[in-house]
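Visitor: I'd like to learn how to read a model like this one, feature by feature. Could you walk me through it?

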Amino acid sequence: MDSAEKGEEKFAILQLPGKEPLRLPIIKGTMGPEVIDIRALGKQGYFTYDPGFVSTAACSSRITFIDGAKGVLLYRGYPIDQLADRCNYLRVCYLLLNGELPSKEQYQEFEGQIIHHTLVHEQIHSLYQAYRRDSHPMAVMCGIAGALSAFYHDNLDIYDPEHRYSTAIRLIAKMPTLAAMSYKYSIGHPFVYPRNDLSYAGNFLHMMFSTPCEEYEVNPVIEKALDKIFILHADHEQNASTSSVRLAGSSGANPYACIAAGIASLWGPAHGGANEACLRMLGQIGTVDRIPEFIARAKDKNDPFRLSGFGHRVYKTYDPRARVMRETCHEVLNELHIKNHPVLDVATELERIALSDPYFIERNLYPNVDFYSGIILNAIGIPTSMFTVIFALARTVGWISHWTEMQEMPESRIGRPRQIYIGKPLRAVKKQSKKTSNKQ
Ligand code: CMC
């Protein structure tokens with residue numbers, strides 16, 4: 001395929017067998033690589049083949065930008081490290097949803113709206129009772145998030161901007177409550193109601209760790225660290241779970257059902273489930289002297305084992321979120337006076353060894369956001385099975401921002417990928433004698 005420029009416009013010229021050269025427009029976004037618009041290809045009787053969407057943009061978006069080669073992540077144009085340093089999570093939520101950071105008044109109004117919606121319907125409490133106590137909290141979250149749609153019949157018109165906005169507010173407000181309830185249920189404790197005098201992160205810690213017998217005292221360093229974790233996970237462009245939300249939403253499905261689809265997709269160990277898998281892996285390695293054994297396994301093509309928390313489809317350098325996460329990890333351990341942390345020792349040494357190993361260097365495999373987050377969450381006292389739930393809680397704003405953007409974009413259409421059919425060619429079902437067919 002050649003590229004040619006005509007005046008201001010650029011085209012790629014594709015020569016299909018037996019056809020006239022096809023001019024495919026080259027589109028340029030605000031930042032990032034140029035994109036060949038292949039929409040005209042289908043009419044020529046051809047599709048493109050791209051398993052895993054390695055070279056395919058499925059939509060255009062104004063929300064998040066990633067430069068994987070340089071390790072850049074921007075929310076609405078702002079670098080992630082500056083947002084983590086200078087904003088709290090709710091300001092970032094406002095930014096992702098509305099496109100701009102809020103003024104003081106806008107922030108107060110937004111915070112008030114979130115606070116107003118942190119309670120969940122009492123009947124939702126009984127939904128939890130239907131789950132086994134030992135259910136994985138992500139299993140519970142998939143079900144409960146979808147079930148929310150059954151509580152807001154009168155607010156589900158996806159074409160109404162007010163309905164869309166109030167759904168976004170409800171989801172951001174209620175996810176911490178639902179997440180903490182999934183933990184409380186798993187340990188047989190009563191649910192703890194939200195406290196609206198606390199910050200978003202502080203309230204989550206309260207709902208996780210307070211009991212009717214004792215109020216949990218929120219430590220400001222821990223609260224700030226958790227808030228940063230929420231910011232770092234808030235959005236990440238068209239990853240598997242966000243794409244699942246968009247694909248589900250493209251059919252006109254209600255937003256709660258779409259978020260449930262996102263939670264299901266996030267659960268996998270190649271995606272959000274990696275934080276849980278990573279901490280389990282570090283525990284399994286146990287001591288620094290066993291690292292070479294696990295590095296060898298990660299490199300062995302006959303072993304399905306991979307280093308969790310390493311590698312990324314888009315980042316081919318250090319994940320900028322992992323950098324902030326590593327600093328936060330040290331801050332939390334200092335605050336908690338944890339001097340010797342065997343898991344952190346293993347993580348630090350594993351990172352050092354992997355980053356100097358040709359296998360990882362050649363494949364650009366660096367620590368990702370999940371490498372250090374588990375150590376922080378573990379130090380705070382959050383059980384491993386809740387790690388991906390916390391990712392889901394924080395990512396909800398990203399999912400609902402993408403869902404909202406999709407509803408507002410005139411180019412949005414139902415998502416319908418095609419395939420290369422490699423099954424049996426056309427064949428006939430043999431007629432059976434009456435005797436045989438009666439027997440079957
Ligand atoms: N350990 C060992 N080898 C790896 C790893 C790893 N963690 N990740 C990739 N590779 C190898 C892979 O075997 C392949 O080698 P080769 O070229 O010899 O066949 C090469 O690197 C490219 O891997 P890939 O599977 O084609 O890359 P991908 O873009 O399809 O997958 C990934 C990206 C994140 C799924 C993968 O790196 C992985 O499985 N990492 C571990 C799970 C993880 O930490 N996931 C969290 C991602 S960040 C948070 C999020 O977005 O949810």
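Visitor: Let's start with His337: is His337 buried or exposed?

Guide: Keep in mind that this is a predicted model. The call rests on relative accessible area, where anything over 50% counts as exposed. His337 has 64%, so it is exposed.

Visitor: Where does His337 lie?

Guide: Look in the loop that joins helix H13 (320–335) to helix H14 (342–355). There is a backbone feature to spot there too. The general idea is that most residues other than glycine have a negative phi. His337 is not a glycine, yet its phi is positive, about 55 degrees.

Visitor: What is the phi of Arg76?

Guide: That one is near 50 degrees, again a positive value in a residue other than glycine. Arg76 also sits in a loop, between strand S6 (72–75) and strand S7 (78–79). As for exposure, the range from 20% to 50% is called partly exposed. Arg76 comes out at 21%, so it is partly exposed.

Visitor: On to the ligand. Which residues come nearest to the ligand?

Guide: A good way in is to list the shell first and then pick out individual contacts. Here 22 residues surround the ligand, and His271, Arg306, Leu307, Gly309 and Arg313 come nearest. By type, the shell holds ten nonpolar, seven polar and five charged residues.

Visitor: Which atoms lie 2.7 Å apart?

Guide: That pair is a nitrogen atom of the ligand and a polar backbone atom of Leu307. Another ligand nitrogen contact involves a polar side-chain atom of Tyr359, at 3.0 Å. On the oxygen side, a backbone N or O atom of Gly272 is 3.4 Å from an oxygen atom of the ligand. For the overall cover, compare the ligand alone with the ligand in place: alone it exposes 940 Å², and the protein buries 75% of that.

Visitor: Now the empty spaces. How many cavities of 30 Å³ or more does a search of the whole structure find?

Guide: Three. The idea is that a probe fits inside a cavity but cannot get out. The largest has a volume of about 100 Å³. Its lining has 13 residues, with Ile115, Thr118, Leu198, Ser199 and Tyr200 nearest the centre.

Visitor: Which helix gives the most to the lining of the largest cavity?

Guide: H3, with three residues. Helix H3 (104–116), helix H6 (161–187) and helix H7 (200–209) each supply at least two. The lining divides into seven nonpolar, four polar and two charged residues.

Visitor: And what lines the second largest cavity?

Guide: That lining is made of Leu119, Val120, His125, Thr177, Met181, Phe191, Val192, Tyr193 and Pro194. The volume of this second largest cavity is about 40 Å³. Seven of its lining residues are nonpolar, two are polar and none is charged.

Visitor: How should I read a pocket, and how much space lies in the second largest one?

Guide: A pocket, unlike a cavity, is an open set of points. The second largest pocket holds about 260 Å³ of space. Among the 17 residues lining it, Ile80, Asp81, Pro320, Arg323 and Val324 are the closest to its centre. S6, helix H1 (80–86) and H13 each supply at least two residues of this lining. Its make-up is nine nonpolar, two polar and six charged residues.

Note on methods
Residues numbered from 1 in each chain as written. Predicted model: local features only at pLDDT ≥ 70, side-chain atom pairs only at ≥ 80, totals over all residues. Heavy atoms only, no water. Helix = DSSP H or I, 4+ residues; strand = E, 2+ residues; numbered from the N terminus. Buried < 20%, exposed > 50% of the residue type's maximum accessible area, 1.4 Å probe, protein only. Near = heavy atom within 4 Å. Polar contact = N/O pair within 3.5 Å; in protein donor to acceptor, adjacent residues only side chain to side chain. Areas by Shrake-Rupley, 256 points an atom, 1.4 Å probe, with all protein chains shown as cover. Nonpolar A, V, L, I, M, F, W, Y, C, P; charged D, E, K, R; others polar. 1 Å grid on protein atoms, 1.4 Å probe; cavity = no way out; pocket = protein on both sides within 12 Å on 5 of 7 lines; lining within 4 Å. Points joined across faces, edges and corners; volume = space filled by probe spheres on them.
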